[in-house]
Structures are given as structure tokens and as C-alpha cells.
Amino acid sequence: MALFVAIASAEEKKGGILEGLYPVEKGEAIAAGNFYGGTSLSLIQANTDDDVLNIMIGDVYEAYGYTFTVEAFGGYFVKDAMAIGMRAGYSRTWFDIDFALLEDVLDLSERRKYVSNGFFIQPLLKNYLKILDSRNVYFFNETSISVEYSYGISQTDDGEDMKKSRNRSWSIAAGINPGICIMVLNRFAFETSVGLLGLNSSVIEVEENGETKSQLVYNVVNFTINLLALDFSLVMFF
């Protein structure tokens, strides 16, 4: 009899996290038929002070730059804890840097300016995991495929010659983004996730001084956790 109870107890413990999820109750934010949406803004800015910045291979005399990104996203829960949605956004990068590299070897000194604009769309499938018996904390995973187009202009001046180049690129990326959702107010939540890039394929075209053209195609497969790709968003459920 004791052996039978032990075997039955072992069978009850079989399975994984998905076997032990709590059911989604009617009226919950992640219940079927609900929508979610939000927007996020980010600005990364950097500049040097009046002193020369010494690096291992040279000096940076002056530098300033920023990357600005804005995106909107939304989705619909086709079933409890499962939503399909879309992200779309715009990013702009600009920098101006005056530097010298390998002065004793190449004596490379120039000023470089660069500006680029990018647009992307990202269809996604989002699965929430109700691991805790709570309406305030959920774990989730976002599986997505993004398509991005960007174009930019670069100008370099070494004091003798000035060169300009234009680049255009298309990229397709597929990946998964696990994260956590915390309800901070009624129907408002704070979400953070980390990127797990699966596949990235890009085509880049470069035109120099309006004459020379070149094309670069590369593919990247990477399943490492990128802690620098943390995403923070305020989300509304309705």
C-alpha cells in the first residue's frame, strides 16, 4: 500500500512548468478577447568633455552622438494567455567624432560624421505564463520576426580629402524575448524582457562618392542571452 502511494505521488509530480500553470480567470488582463497596447521611447546620448580621451590605439579629441528610438505596439488575445500582435518603430542615429589612431604607425587622423534613419515592423506571438496564483505578476515569451530598412550618410575629412558614402540596408531577424509582466495599476503593467536572437540576415549596399558601389550580405545565428538588449515598456490592457 505504501509503495502504491509513493508511485502515485511520483506520477502527480511529473511534467514541467507548463503542466503546473494556473488557469486564467474571467476578467483577467490576459483573458481571451482582450487587447493590449503601448509605446516606448529611448534615447542614448554620449559626448566627451574638453580633455582628450586617450584610448589604447589613439586619441579622441571631440565626440558627440545619440540614438533615438520610438515604437508602438499592440495585440489581441486570441485565447487565454496567448496574443498575436505587431510592433512598428523608427530610430535615428547621429554622431560626430574627431580622432587620431595609430599615430606612430598609420598616422590616421580624421573627422567623421554619420547620420542614419531606420524603420521596422515586427509581427509577433506572445504567450503569458501564469506560474503564480496572482493577477499581478506574469511571465511571458514573445516570438517575433522583424523586417527593418535603414539608410545613412557618412562623411570623413582627413584635412586633405573629403569622402562621402551612402548606405542602405535590409535586415530580417527572428528571435524570442522572454520577460516578466508586473501590473502596477488597474489594467496598466510594466514589462521588461531580454533578447535571445535566433537568426539575423542582412543586405547592405554602400555607395562611395557617388561612384563605387558594393554589396555586403551576412547571416548571423546566435542563441546567447544579450543582457544589453533589455526592453522596458508600459503596457495597457483593455
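## Lysine 126 and glutamate 191

Lysine 126 and glutamate 191 are both buried. In this predicted model, their side chains meet in a salt bridge, with an N to O distance of 2.7 Å. Lysine 126 belongs to strand S5 and glutamate 191 to strand S8, so the salt bridge ties together parts of the chain that are 65 residues apart in sequence.

The two residues also belong to a wider arrangement: Glu71, Arg87, Lys126, Glu142 and Glu191 are linked in a network of salt bridges. Lysine 126 has a further contact, since its charged end sits over the ring of phenylalanine 140, 4.6 Å from the ring centre.

## Overall fold

The chain has one helix and ten strands. Along the sequence the pattern reads α-β-β-β-β-β-β-β-β-β-β. Of the 238 residues in the chain, 30% are buried.

## Other salt bridges

Side chains of opposite charge can pair when their charged atoms come close. A search of the whole structure finds seven salt bridges. One of them is formed by arginine 135 and glutamate 25, at 3.0 Å from N to O. Arginine 135 lies in the loop between S5 and strand S6 (137-157), and glutamate 25 in the loop between helix H1 (2-12) and strand S1 (35-47); the pair links distant parts of the chain, 110 residues apart. Arginine 135 has a relative accessible area of 39%, so this residue is partly exposed. Glutamate 25, at 41% relative accessibility, is also classed as partly exposed.

Glutamate 28 and lysine 130 form another salt bridge, in which the closest N and O atoms are 2.6 Å apart. Glutamate 28 is in the loop between H1 and S1, while lysine 130 is in the loop between S5 and S6, 102 residues apart. Both glutamate 28 and lysine 130 are buried.

## Aromatic pairs

A pair of aromatic rings is described by the distance of the centres and the angle of the planes. The whole structure contains 16 aromatic pairs. Among them is the pair of phenylalanine 77 and tyrosine 128, which is tilted, with 5.7 Å centre to centre and 40 degrees between the planes. Phenylalanine 77 sits in strand S3 (residues 58-79) and tyrosine 128 in strand S5 (residues 108-129), so far as sequence is concerned 51 residues apart. Phenylalanine 77 and tyrosine 128 are both buried.

The rings of phenylalanine 190 and phenylalanine 232 have centres 6.0 Å apart and planes at 25 degrees; the angle is under 30 degrees, and therefore the pair counts as stacked. This pair also links distant parts of the chain, with phenylalanine 190 in strand S8 (residues 188-208) and phenylalanine 232 in strand S10 (residues 225-237), 42 residues apart. Phenylalanine 190 is partly exposed, at a relative accessible area of 35%. Phenylalanine 232 is partly exposed as well, with 48% relative accessibility.

## Aromatic cluster and charges over rings

Tyr36, Phe73, Phe77, Tyr128, Tyr138, Phe140 and Phe237 form one aromatic cluster. The tilted pair of phenylalanine 77 and tyrosine 128 is thus part of this cluster, because both residues are listed in it.

Charged side chains meet the cluster at two of its members. The charged end of arginine 87 sits over the ring of phenylalanine 73, 4.6 Å from the centre of that ring. For phenylalanine 140 the charge comes from lysine 126, also at 4.6 Å from the ring centre. Arginine 87 and lysine 126 both belong to the salt-bridge network described above.

## Cavity

The structure holds one cavity of 30 Å³ or more. About 30 Å³ of space lies in the largest cavity. Its lining consists of Arg87, Phe140, Glu142, Glu191, Thr192, Ser193, Asp231 and Ser233. By type, the lining residues divide into one nonpolar, three polar and four charged.

S6, S8 and S10 each supply at least two residues of the lining. S8 gives the most, with three residues. The lining includes Arg87, Glu142 and Glu191, which are also members of the salt-bridge network. Phe140, another lining residue, belongs to the aromatic cluster and has the charged end of lysine 126 over its ring.

How values were computed. Residues are numbered from 1 along each chain as its sequence is written. This is a predicted model: local features need pLDDT of at least 70, side-chain atom pairs count only at pLDDT 80 or more; totals for chains, interfaces and linings use all residues. Side-chain values use heavy atoms; hydrogens and water are left out. Rings of Phe, Tyr and Trp (its six-membered ring) pair if their centres lie within 6.5 Å; planes under 30 degrees apart count as stacked, over 60 as edge-to-face and the rest as tilted. Helices (H or I, at least four residues) and strands (E, at least two) are DSSP runs, numbered from the N terminus. Buried means under 20% relative accessible area, exposed over 50%, partly exposed in between (1.4 Å probe, protein chains only). A charge sits over a ring if NZ of Lys or CZ of Arg is within 6 Å of the ring centre and within 35 degrees of the ring normal. A salt bridge is a side-chain nitrogen of Lys or Arg within 4 Å of a carboxyl oxygen of Asp or Glu. On a 1 Å grid over the protein atoms alone, a cavity is a set of points where a 1.4 Å probe fits but cannot get out, and a pocket is an open set with protein on both sides within 12 Å along at least five of seven lines; lining residues have an atom within 4 Å of a point. Grid points are joined across faces, edges and corners, and a volume is the space filled by probe spheres set on the points. Ala, Val, Leu, Ile, Met, Phe, Trp, Tyr, Cys and Pro count as nonpolar, Asp, Glu, Lys and Arg as charged, and the others, Gly among them, as polar.
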